[in-house]
Amino acid sequence: MILQIIVDMVGLGATYALLTIGIALLFGILGLMNFAYGEIIMIGAFAMYLFKDYPWFVGAVAAVVFAVVISVLTERLAFRPLRNADPVTLMIASFAVSLALQSVMRMTVLPRTQGVPPQPFLTESMIVFGIRVTVLQIVTLVLCGVLLGGLALLMKKTPLGVQLRASAENFQVAKSLGVKGSFVIMSAFAIAGVMAAASGIILVARQGAVSAEMGLTPLLIGIVGAVVGGMSNLKGAALGGLLLGMGTVLLEATLPTDLIAFRDAFLYSAVMVVLVIRPQGLLSGTKVRTS
Amino acid sequence: MLLEINDLFVRYGKSVMALQGASLEVGEGELVSLIGQNGAGKSTLLKSIVGIAPVYSGSITYDGAAVTDKKFSVIKNRIAYVPEDRGVFSSLTVGENLRLGAVSRRDKGNIDGDIERELARFPILEEYWGRGASLLSGGEQQQLAIARALLLRPKLLLLDEPTLGLAPIIVDLIFDVIEQLRDEGVTILLVEQNAVRSIEVSNRSYVMQAPGKILGSGNANELAANDAVVDYLGFSPTGVKGDSE
């Protein structure tokens with residue numbers, strides 16, 4: 001029973017960590033709270049719907065391509081012209097992009113919720129170490145593990161990763177050293193697109209449906225997780241997402257039946273307590289010593 | 001002259017004029033210092049060269065090209081800038097910080113050799129190579145910031161208050177390095193509050209008074225002959241060992 005809960009906690013936590021990373025990456029580099037991130041997730045999910053009659057990996061690849069292309073296009077067309085604008089202007093622009101994408105999808109290819117039947121193999125389950133796990137849970141864990149591990153490697157071991165980390169900490173100084181600001185920002189949007197696509201793929205597999213509005217909930221989870229962990233700190237953001245997902249499952253498993261309906265009230269009360277104690281987030285980055 | 005600044009006005013917002021008609025010249029291979037009290041506009045002048053502070057009027061010419069031209073690239077022209085707060089990335093290791101200094105260089109094959117040279121100049125950086133930069137002291141961070149700037153192989157090095165807030169022994173170390181760089185032929189524009197040491201190591205010095213006006217310039221003897229400069233500094237630089245001797 002406890003093992004089962006732990007597996008469920010890690011599964012949802014890892015999924016939430018994907019959501020928070022995409023949000024925190026762009027916030028760290030651009031100071032952009034990207035409210036259009038939910039729509040990028042939706043675009044990825046839509047690709048799964050569009051290619052639902054093809055083998056599943058075709059839909060998955062299409063989801064990544066769609067999400068990355070749209071993510072990079074939003075940067076090129078909407079955010080780059082506002083590069084030097086203040087954070088409030090950027091945030092309002094991201095609202096506009098979010099609403100525009102949502103409206104265009106609703107008016108054209110996604111006027112109502114569309115079903116995407118789950119791949120039969122994903123619904124199968126098996127007993128591992130005495131606990132029942134579905135293939136979907138395993139795929140989710142592997143996908144999140146590969147993406148988060150891959151991102152950690154990219155950030156730690158590659159020149160692009162070092163430039164991304166430097167830009168996230170101090171974009172002006174990074175640029176003054178010769179870091180190509182536009183390339184770094186575009187890369188960040190592309191990486192956020194990959195994370196959004198993976199989130200979209202997992203969401204479609206769990207919910208079995210796609211709609212123009214489906215990005216809102218994952219967006220809010222991503223923002224809350226990132227704020228809890230520390231907005232400008234990728235490790236912190238991942239931790240925030242992980243804890244939020246794990247907390248959700250833990251409350252669901254342990255709350256008395258009468259109180260399960262109030263799960264989110266308990267969860268977000270805990271979030272508020274965390275923020276009162278550490279308003280900068282759990283991992284806010286170490287301060288530089290001055291002497 | 002490598003760098004020529006003429007009648008420069010820099011305005012923040014609509015009313016704050018940080019520089020009022022500052023003029024300054026730096027020749028190739030020269031070490032020129034800009035001294036003055038807090039708020040005089042010294043850092044603003046450096047920022048205007050690298051495009052961080054908005055030029056209101058006047059001109060900045062580098063190697064014959066207008067710095068204020070949109071096409072002018074500070075990096076391509078190998079102007080390295082060490083800001084007052086050092087700009088060290090605390091989330092990166094010492095090694096990662098250092099390598100970032102060479103990020104724009106195309107001669108990748110020569111970078112490792114240059115890093116070796118800077119590690120020999122600043123041995124503490126080799127010792128702390130894999131350590132997080134946030135764990136360095138202020139003096140160590142300043143060494144890292146200067147070493148990183150030198151990895152650009154700068155034609156012009158801009159140093160903004162490199163000894164600010166440092167212990168006397170570290171101040172000595174930083175000035176020793178500045179002298180070493182001067183002797184190697186690196187062109188340096190040094191902004192400092194430590195007037196005596198700056199005049200001592202520089203070929204020429206400019207004295208700036210708030211709001212961004214040059215009171216006088218020259219070597220120690222020339223500055224000593226300028227009453228306005230002596231009044232402002234509160235001492236006569238006559239006894240200061242400088243380029244004049």
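## Exercises on a predicted two-chain model

In this predicted model, the end C-alpha atoms of residues 3–236 of chain B are 28 Å apart, and 34% of that span is helix and 27% strand. The unreviewed UniProt entry annotates residues 3–236 of chain B as "domain: ABC transporter".

**Exercise 1. Check whether the length of helix α6 of chain B agrees or disagrees with its number of residues.**

Step 1. Helix α6 of chain B runs over residues 168–184, which makes 17 residues.
Step 2. The expected span is 1.5 Å times one less than the number of residues, so for this helix 24 Å is expected.
Step 3. The end C-alpha atoms of α6(B) lie 24 Å apart, in agreement with the expected value.
Step 4. Just past α6(B) comes B:Gly185, with a positive phi of about 95 degrees.

**Exercise 2. Find which residues of α6(B) are buried and what covers them.**

Step 1. A residue counts as buried if 20 or more other C-beta atoms lie within 10 Å of its own. In α6(B) the buried residues are B:Ile174, B:Ile178 and B:Leu181.
Step 2. Around the axis these residues take up an arc of only 60 degrees, so they sit on the same side of α6(B).
Step 3. The face turned away from that buried side holds exposed residues: B:Pro168, B:Ile169, B:Asp176, B:Gln180 and B:Asp183.
Step 4. The cover over the buried residues of α6(B) includes α5, β7 (156–160), β8 (187–192) and α7 (195–201) of chain B.

**Exercise 3. Describe the side of chain B that touches chain A.**

Step 1. Contacts join 20 residues of chain B to 17 residues of chain A.
Step 2. On the chain B side, α2 (94–100) and α5 (138–150) each provide at least two of the touching residues.
Step 3. Sorted by type, the touching residues of chain B are nine nonpolar, 10 polar and one charged.

**Exercise 4. Locate the largest nonpolar core and follow one of its residues, A:Leu26.**

Step 1. This core has 160 residues, and those with the most contacts inside it are A:Ile21, A:Leu26, A:Ala67, A:Ala188, B:Leu158 and B:Leu189.
Step 2. Beyond its neighbours within four places in sequence, A:Leu26 is in contact with A:Leu32, A:Asn34, A:Ala188, A:Phe189 and A:Ala192.

**Exercise 5. Compare two spans of chain A that UniProt lists as "transmembrane region".**

Step 1. The unreviewed entry includes residues 6–27 and 260–277 of chain A under this name.
Step 2. Residues 6–27 of chain A are 100% helix and 0% strand, with end C-alpha atoms 31 Å apart.
Step 3. Residues 260–277 of chain A are 83% helix and 0% strand, with end C-alpha atoms 26 Å apart.

Terms used. Residues numbered from 1 in each chain as written. Chains lettered and ligands numbered in written order. Predicted model: local features only at pLDDT ≥ 70, side-chain atom pairs only at ≥ 80, totals over all residues. Contact = placed C-beta atoms within 7 Å. Helix = DSSP H or I, 4+ residues; strand = E, 2+ residues; numbered from the N terminus. Nonpolar A, V, L, I, M, F, W, Y, C, P; charged D, E, K, R; others polar. UniProt positions renumbered as here; feature names shortened; annotations may be inferred. Buried ≥ 20, exposed ≤ 12 C-beta atoms within 10 Å, placed from the backbone. Arc of directions from axis to C-beta. Core = buried A, V, L, I, M, F, W, Y, C linked by C-beta atoms within 7 Å.
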